[in-house]
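Work through the exercises below with the structure in view. Each one sets a task and then solves it step by step.

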Amino acid sequence: MLDAVLGRLARHLWPLALANLVANIGIVVTGAAVRLTGSGLGCPTWPRCTDASYVAHGELGINGAIEFGNRLLTFVLAAVAVLCFLAALGAAHRRATRLSLVIGLGIPLQAVLGGITVLTDLNPWIVAGHFLLSMAMIMVCVALVDELRSPERQAAPPLPRSLAWATWASGWVVLYLGTVVTGAGPHAGDAESPRNGLDPAMVSHLHAYAVYVLVALTVALLVVALRGGHRWLATVTALVLLIEVLQGVLGWVQYWLDLPVGLVALHMLGAALLAAGLARIALAVLPHRAGHEARADGQEQPSAATVLP
């Protein structure tokens, strides 16, 4: 019975892996909506919504409904992750199973960290950790997608490989400094929540300098990939460069317009897409064997499709 269920789920492993990725990007956007509407403490405690109830009620108003709704989305993510893990088991692919398990374990960890942010009245440094964990989970989701279906490729030579990993590392610096800027800015998630005390203009410019470095590394990688005939790496890098440019423009516009909530939400979406793109770049320089991708028939795979260093 169980084998039959796993076998049926195995046929849906690819769409479930995509759903994992989309859901983890989506909850970043809904989390931004919670913060930008001042609903971060709409449910003032955790794991209950209030001391007397696990669910929001009318006295909490629209902010309570928004915050509680975002908490409920965690269960949607968990359901998708569990189904994806079971599908990977049914496909008898060890790497896909491990990656799906990591994603599944990351969801309760995110929930706990989210609860700590509430219990600390949205401490900006803990909020930053909550966001960065989401970025890491998005990258793991991309690794699963790459493992299941990606162009056949050989390992990239040392120069593009070094540039790819430098781009990935600088991207993490940009994402981290973005959280520092957010922690210094006005969108705390609640009117009474603390800020990190840093000068918003100073950290914004520091963040911008890091973005310049990231863009320069991405351009260098694109040139090397094109000259070396690495088509997949060039394609991925070009898409990430486009995301970076759009993010940069959006960042400057929102800065000069005093951070309107709509643009900030788009910038958060861009950050999630950037995290996914950075992971794709790092994986694109590694060899991938299409014949070792997960199959729907439950036949055990001989080894992982994407060969890690």
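**Exercise 1. Find where Pro-47 sits and describe the peptide bond before it.**

Solution. Start with the place: Pro-47 belongs to the loop between α2 (13-36) and α3. Next, look at the bond that joins Trp-46 and Pro-47: this peptide bond is cis, with omega at about 5°. Keep in mind that the model is a predicted one.

**Exercise 2. State how confident the prediction is, and where confidence is lowest and highest.**

Solution. Begin with the whole protein: the mean pLDDT is 92, and 99% of the residues reach 70 or more. Then go to the elements. Confidence is lowest in helix α1 (residues 2-10), with a mean of 84. The highest value, 97, belongs to helix α5 (residues 124-148). Where pLDDT is low, predicted coordinates should not be read in detail.

**Exercise 3. Describe the overall build: which elements occur, and how compact is the protein?**

Solution. Count the elements: the protein has nine helices and zero strands. Along the sequence, the pattern reads α-α-α-α-α-α-α-α-α. Now compare the radius of gyration, 21 Å, with the 19 Å that the globule rule gives for 309 residues; the two are close, so the protein is as compact as a globular protein of that length. Along the principal axes, the C-alpha atoms fill a box of roughly 55 × 55 × 25 Å.

Turn to burial and surface. Of the 309 residues, 46% count as buried. The exposed area is about 14500 Å², and carbon and sulfur atoms supply 71% of it. Finally, take the contacts between residues at least 6 apart in sequence: 75% of them join residues at least 24 apart.

**Exercise 4. Check two of the transmembrane regions listed by UniProt against the model.**

Solution. The unreviewed UniProt entry lists, among others, residues 125-145 and 206-226 as "transmembrane region". In the model, residues 125-145 are 100% helix and 0% strand, and the end C-alpha atoms of this span are 31 Å apart. Residues 206-226 are also 100% helix and 0% strand, with end C-alpha atoms 31 Å apart.

One residue of the second span can be followed further. Val-213 lies in helix α7 (residues 200-228). The relative accessibility of Val-213 is 46%, so this residue counts as partly exposed. Ala-166 is 47 residues from Val-213 along the chain, yet their C-alpha atoms are separated by 10 Å.

**Exercise 5. Go through the salt bridges and decide for each partner whether it is buried or partly exposed.**

Solution. A search of the whole structure finds five salt bridges; three of these pairs are worked through here. Side chains of opposite charge can pair when their charged atoms come close.

1. Glu-67 and Arg-71 meet at 3.0 Å, N to O. Both lie in helix α3 (residues 61-91), four residues apart, which is about one turn of the helix. Glu-67 and Arg-71 are both buried.
2. Asp-146 pairs with Arg-153, and the closest N and O atoms are 3.1 Å apart. Asp-146 has a relative accessibility of 1% and therefore counts as buried. Arg-153 is buried as well, because its relative accessible area is 7%, under the 20% limit.
3. Arg-295 pairs with Asp-297 at 2.6 Å between the closest N and O atoms. Arg-295, at 36%, is partly exposed, and so is Asp-297, at 48%.

As a last step, look for shared partners: salt bridges join Asp-146, Arg-153 and Arg-280 into one network.

**Exercise 6. Which residues other than glycine, in the loops before α5 and α9, have a positive phi?**

Solution. The loop between α4 (94-119) and α5 holds Asp-121, whose phi is near 55°. Asp-121 is partly exposed, at 44% relative accessibility. The loop between α8 (231-256) and α9 holds Leu-259, with a phi of about 60°. Leu-259 is partly exposed too, with a relative accessible area of 24%.

**Exercise 7. Describe the surroundings of His-267.**

Solution. His-267 is part of helix α9 (residues 261-284). With a relative accessible area of 17%, His-267 is buried. Leaving aside neighbours within four places in sequence, His-267 is in contact with Gln-247, Leu-250, Gly-251 and Gln-254.

Terms used: Residues numbered from 1 in each chain as written. Predicted model: local features only at pLDDT ≥ 70, side-chain atom pairs only at ≥ 80, totals over all residues. Heavy atoms only, no water. UniProt positions renumbered as here; feature names shortened; annotations may be inferred. Helix = DSSP H or I, 4+ residues; strand = E, 2+ residues; numbered from the N terminus. Salt bridge = Lys/Arg side-chain N within 4 Å of Asp/Glu carboxyl O. Buried < 20%, exposed > 50% of the residue type's maximum accessible area, 1.4 Å probe, protein only. pLDDT = per-residue confidence, 0-100. Contact = heavy atoms within 4.5 Å. Rg over C-alpha atoms; globule rule 2.2 N^0.38 Å. Areas by Shrake-Rupley, 256 points an atom, 1.4 Å probe, with all protein chains shown as cover.
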